[in-house]
Amino acid sequence: MFFGRTKRNPVRIPSKPVVEWKYSTCNYCSTGCAIELGIGSDGKVVTSRGHAEADVNRGKLCIKGILEQELFESPGRGIEPLLRDTTDRPFAAVSWDKALDASAGKIKAIQEKYGRDSFAVVSTGQLLTEEFYTLGKLVRGCIGTNNYDGNTTLCMASAVSGYKRSFGSDGPPGCYEDFEHTECLMAWGSNLPEQHPVLYWRLKEAREKRHFPMIVIDPRVTMFAQWADIHLPITPGTDTVLMNAMLYVIFDEGLEDADYIAKHTNGIEQLRETVKAYDPKIAQRQCGIDEDTIRNVARLYAKAGASMSIWTMGINQSTHGSDGVCNINNLSLVTGNIGKPGGTSLSITGQCNAMGTREWSSCSGLPGYRLLENAEHRQEIAEAWNVDADFFPPKVGLKQTDIFPAIETGQIKGLWLVATNPLTSMANQGRIRKMMEKLDYLIVQDVYQDVETVEYAHAYFPAAVWAEKQGCHTNSERRVNLTRNALDPFAQSKPDFWIFNQMAKRFDNAANMSFPQDTETVFDEMKRLSVGQGRTLDISGMTYDRIEQARGLQWPFTEADAENHQVGSPRLYVDGKFQTPDGRANLIAVNFVNNNEVPDTEYPFWMNSGRVVEHFHTRTRTGKIGNINKFSPTPYMELNPDAAAELGIGHGDYVRTISRRGDAVVMVQLTQRVPPNMVFIPFHYHDCVNRLTLGLLDPYSRQPAFKQCAVRLEKVSQTLAAQLNLQRRAF
Ligand SMILES: Nc1nc2c(c(=O)[nH]1)N[C@H]1C(S)=C(S)[C@@H](COP(=O)(O)OP(=O)(O)OC[C@H]3O[C@@H](n4cnc5c(=O)[nH]c(N)nc54)[C@H](O)[C@@H]3O)O[C@H]1N2
Ligand SMILES: Nc1nc2c(c(=O)[nH]1)N[C@H]1C(S)=C(S)[C@@H](COP(=O)(O)OP(=O)(O)OC[C@H]3O[C@@H](n4cnc5c(=O)[nH]c(N)nc54)[C@H](O)[C@@H]3O)O[C@H]1N2
Ligand code: SF4
Ligand SMILES: [Mo]
């Protein structure tokens, strides 16, 4: 018996003959999946697949990775360089020489008039490592501004700062394989199944083979929380209280690893003293997790043979971000869970190459984790680059979140944005807009010419995207992986690498320096700078071919490792020696001070923000791929049905969301995922959540607390709101 049509035409999938497979690494999240791009007879990419032999993803890709090849010819791509004198005039298309000459001229004129630091550069975590290194050489060695940072300040800065405070150096000490050995996993403020889907799949596989307790700490009932054994719906911003209460229980019940503490750490007395004030009886009232559960979780964690913590933005994007990271490290250290299989403190990175920029971009110092504050380091790099060491500042300059206020106060007059879209991604958009208006000169270098920030640009540089370039990424487990260029750059766009090299030629210092024209030579230069010196970041044994053969190699990877056919180093600090002067890790006592904007009678809801699986950041890429954008083309919020009923708001209604900074009209999706006093809004949409956010800064990392502020909701005319949102839906 047939229903519907009796004569069915079978679905035909057109064959896509592949002439060659090109090796590549996904350019979205930091999981670092290896991709093979299938090139057709016309030289175009016709299909892609996850690399079956890559340890990271073992053939898998998530929805973003599998459709990533559709980006190459997506709408809005930058075709040619654009210039204009003032932002109220239309752009004129110009040659690369003209765009670069004009921009270099403006940079120099601003610096001559207002000082070298009056021109700032803000980059990203999404370029290739060789590009980061070259940009660092250009900015620190030629342009010479100290106001140079990246969007990683919105993202990983607290993890970097916490690692440095605890272990004396940045660098996640664990690896994905730790899932296969751990006996207890705590996930702090991470929604792994949506934000790192293939990594979540690795975790799920490990738990299917051998069950171990999984505890998810998140104020929302995320997909991750739903699959956890224990979900701790913490009061926003109070993770450090919960951690202190766990430490209280661990010390109170003698569950610590006294031997490890004595041999490998400093600061135990202060830590013991500080956590005395966090008896779970008292702490439960602050963090919203009841006393018994705190004790239970502390025991599970401390008694397991190997325990690990992973975390992402629920910790980093907080006024206590850096302290939260130190306290996660404290939990690991006092229980001896560092450097052993399944026992670690692993920050899950965000962007595909946020690690590469941390290692090599010179944003927070000099290449290879060198410090501007260290005269020897300045001298080493000065010699390697052939620059006068006095040209380098002896202290690191402003972070991205301080650069923008410095535009407001007139200290900074010019800005070069590389692969970041701050008009949508920074907190308090209204204020950012005012800041951008004040710039004498703005260069935007982006794959797309329709990104919001271009509205304020004087110059637009069209960049080649991902697999139109060649170079490396480093993922969350320190694995360096390669992208071979599969295609030529679109229209007149150019690889960022080429743009930096061309810009360098226009600065006097470059005459005595070398800017190699291919990324492999740059990689060799980085290798030389990574050798020995006692730092963990050693890539001297890697080559492009070896990386491709191994489908990614984890640093440290020395020449001796290469000769011994090693596959890289899965873990750091295996011997309990840290990167501090005496080789011991620091236990950092952390006190909680409640300095957030919290809900009150006027603004009764917490506003939480973050991501969904189908979109990436400001949607410049995923918003253009129909099969991705269709899942959530409209800005929406998660709202609890009980709260909605009280306000007379229905599913699918538009509401005006108001904070002390601004307002945004957002569609309501009713769900029990959020508690009645919270709304969650994905941050992917322009003119949406970041019109509302406050973005208080962490004192150490300068990272904004995107996850906490207070809002109220108002009903609005549904017809007007629908019209407004229709305009915003599509690019
Ligand atoms: N699909 C997709 N994947 C991505 C990205 C993307 O845009 N889209 N971006 C990449 C990047 S750059 C990053 S940084 C990562 C981010 O990855 P995640 O950090 O996993 O993602 P978020 O949704 O920003 O935040 C995670 C969770 O933090 C919770 N949270 C909020 N406040 C608190 C709190 O006070 N305490 C705790 N414990 N949790 C809290 C939120 O409810 C949210 O569920 O994702 C990467 N992967
Ligand atoms: N409210 C709220 N705000 C947040 C967050 C949050 O959770 N909540 N998360 C924060 C975090 S963790 C992050 S990482 C930031 C991200 O914020 P942004 O960095 O502003 O976001 P993206 O959309 O990734 O911007 C990257 C830009 O680079 C372009 N691009 C891509 N590839 C290339 C390339 O190869 N070359 C060049 N030149 N351009 C390229 C893209 O088109 C895009 O315009 O947002 C932050 N903002
Ligand atoms: S999990 Fe991350 S790296 Fe892997 S395909 Fe998805 S977006 Fe790309
Ligand atoms: Mo991020």
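In what order do the 3 strands of the open sheet with S17, S18 and S19 stand, and is the pairing parallel or antiparallel? In this predicted model, the order is S17-S18-S19 and the pairing is antiparallel. Strand S17 and strand S19 stand at the edges, each with a single partner strand, so one side of each has no neighbour in the sheet. S17 and S18 run antiparallel and are joined by 4 bridges. Within this pair, Cys472 has Leu482 in S18 as its bridge partner.

The strands of this sheet have the following residue ranges.

| Strand | Residues |
|---|---|
| S17 | 471-474 |
| S18 | 479-483 |
| S19 | 553-554 |

A second site is the shell around ligand 3. Cys26, Tyr28, Cys29, Thr31, Gly32, Cys33, Leu61, Cys62, Lys64, Gly65, Pro197 and Val198 surround this ligand. Helix H1 (63-66) supplies at least two residues of the shell, and so does helix H6 (197-209). By class, the shell has 8 nonpolar, 3 polar and 1 charged residues.

Asn57 lies in the loop between strand S3 (45-50) and H1. Is Asn57 buried or exposed? Its relative accessibility is 0%, and because buried means under 20%, Asn57 counts as buried. Leaving aside residues up to four places away in sequence, Asn57 touches Cys33, Ala34, Gly50, His51, Val198 and Trp201. Among these contacts of Asn57 are Cys33 and Val198, and both Cys33 and Val198 also belong to the residues that surround ligand 3.

Note on methods
Residues numbered from 1 in each chain as written. Chains lettered and ligands numbered in written order. Predicted model: local features only at pLDDT ≥ 70, side-chain atom pairs only at ≥ 80, totals over all residues. Heavy atoms only, no water. Near = heavy atom within 4 Å. Nonpolar A, V, L, I, M, F, W, Y, C, P; charged D, E, K, R; others polar. Pairing = 2+ DSSP bridges. Buried < 20%, exposed > 50% of the residue type's maximum accessible area, 1.4 Å probe, protein only. Contact = heavy atoms within 4.5 Å.
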